[in-house]
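Biologist: Please take me on a slow, close look at one pocket and at whatever its lining leads to. I am in my first year, and I would like each term spelled out as we meet it.

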Amino acid sequence: MHGPASPGWLLVALCAATGAYCLLRMRSDVEEQRRAAGGEALMGFGMAAMAVPAAVFTPPSWAWAAYAAVFGAAALRALWAARTSAHHLHHLVGASAMVYMAVVMAASPGHHGGGSGSPVVTGALLLYFMGYVLLSGVRLVPVTAGGGTVAWGDRPEVARACRLSMGIAMVAMLATL
């Protein structure tokens, strides 16, 4: 997660932009858009915060516990929401991955990118998110842009692109863990 500065800043920008768009989606008239957008905004901003290069800012030791608590609560919310929509299972995996990364970072202070996580868990999460990225990319290809009458917060192709970019960022963060 905290590798070289340039890729770190690119991840920060990508995740923060995605989180900002998800906040815009929370203003949508479509209820399902609003419901999913909140969790995705949290994920985008959380990933942006975790991707800040360590040379610029090293979070205090308590910050990793705070990340784990926030994303643990998000995972529980996603688990509860998965009763009605299978899409929330992806949110559950994403929030759980953030908890896992926070726990790994808390267990190895000062050793950012030291590979101190479980290779099995990291590998399983990498496989999941690589598969998600490939599937999301395939789903995005046939989508055509909507007309000018669709609000920016309701454009399904942009929401899919945001989910794709967060998946790519998750792969990058897990690969450098």
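**The second largest pocket and its surroundings**

Modeller: The second largest pocket holds about 220 Å³ of space. That volume is the space filled by probe spheres set on grid points, which are joined across faces, edges and corners. A pocket here is an open set of points on a 1 Å grid over the protein atoms alone, where a 1.4 Å probe fits and protein lies on both sides within 12 Å along at least five of seven lines; lining residues have an atom within 4 Å of a point. Keep in mind that this is a predicted model, in which local features need pLDDT of at least 70 and side-chain atom pairs need 80 or more, while totals for chains, interfaces and linings use all residues. Numbering starts from 1 along each chain as its sequence is written, and side-chain values use heavy atoms, without hydrogens and water.

Now find the wall of the pocket: His87, His90, Tyr132, Leu135, Ser136, Arg139, Arg160 and Arg163 line it. Helix 4, helix 5 and helix 6 each give two or more of these residues, and the largest share, four, belongs to helix 5. Helices are DSSP runs of H or I with at least four residues, numbered from the N terminus. Sorted by class, the lining has two nonpolar, three polar and three charged residues. In this sorting, Ala, Val, Leu, Ile, Met, Phe, Trp, Tyr, Cys and Pro are nonpolar, Asp, Glu, Lys and Arg are charged, and the others, Gly among them, are polar.

Let's follow one of these lining residues, Arg163. Its side chain forms a salt bridge with that of Glu40, at 2.7 Å from N to O. Arg163 belongs to helix 6 (residues 156–175) and Glu40 to helix 2, so this pair ties together parts 123 residues apart in sequence. A salt bridge means a side-chain nitrogen of Lys or Arg within 4 Å of a carboxyl oxygen of Asp or Glu. Side chains of opposite charge can pair when their charged atoms come close.

Glu40 has another partner, Arg25, in a salt bridge of 2.5 Å from N to O. Here Glu40 in helix 2 (residues 31–51) is linked to Arg25 in helix 1 (residues 5–25), 15 residues away. Are these side chains buried or exposed? Glu40 counts as buried because its relative accessibility is 3%, and Arg25 is buried with a relative accessible area of 0%. Buried means under 20% relative accessible area, with a 1.4 Å probe and protein chains only. Arg163 is buried as well, like Glu40. Shared partners join Arg25, Glu40 and Arg163 into one network, and the salt bridge count comes to two.

Glu40 also takes us to the largest pocket, where it lies among the residues nearest the centre, together with Gly39, Met43, His91 and Ala95. This pocket has a volume of about 310 Å³ and a lining of 24 residues. Helix 2 supplies the largest share of that lining, seven residues.

Finally, Met43 leads into the largest nonpolar core, where it is one of the residues that touch the most other members. Such a core is a set of buried Ala, Val, Leu, Ile, Met, Phe, Trp, Tyr and Cys residues joined through side-chain atoms within 4.5 Å. This core has 35 residues, and helix 4 gives the largest share, eight.

Note on methods. Buried means under 20% relative accessible area, exposed over 50%, partly exposed in between (1.4 Å probe, protein chains only).
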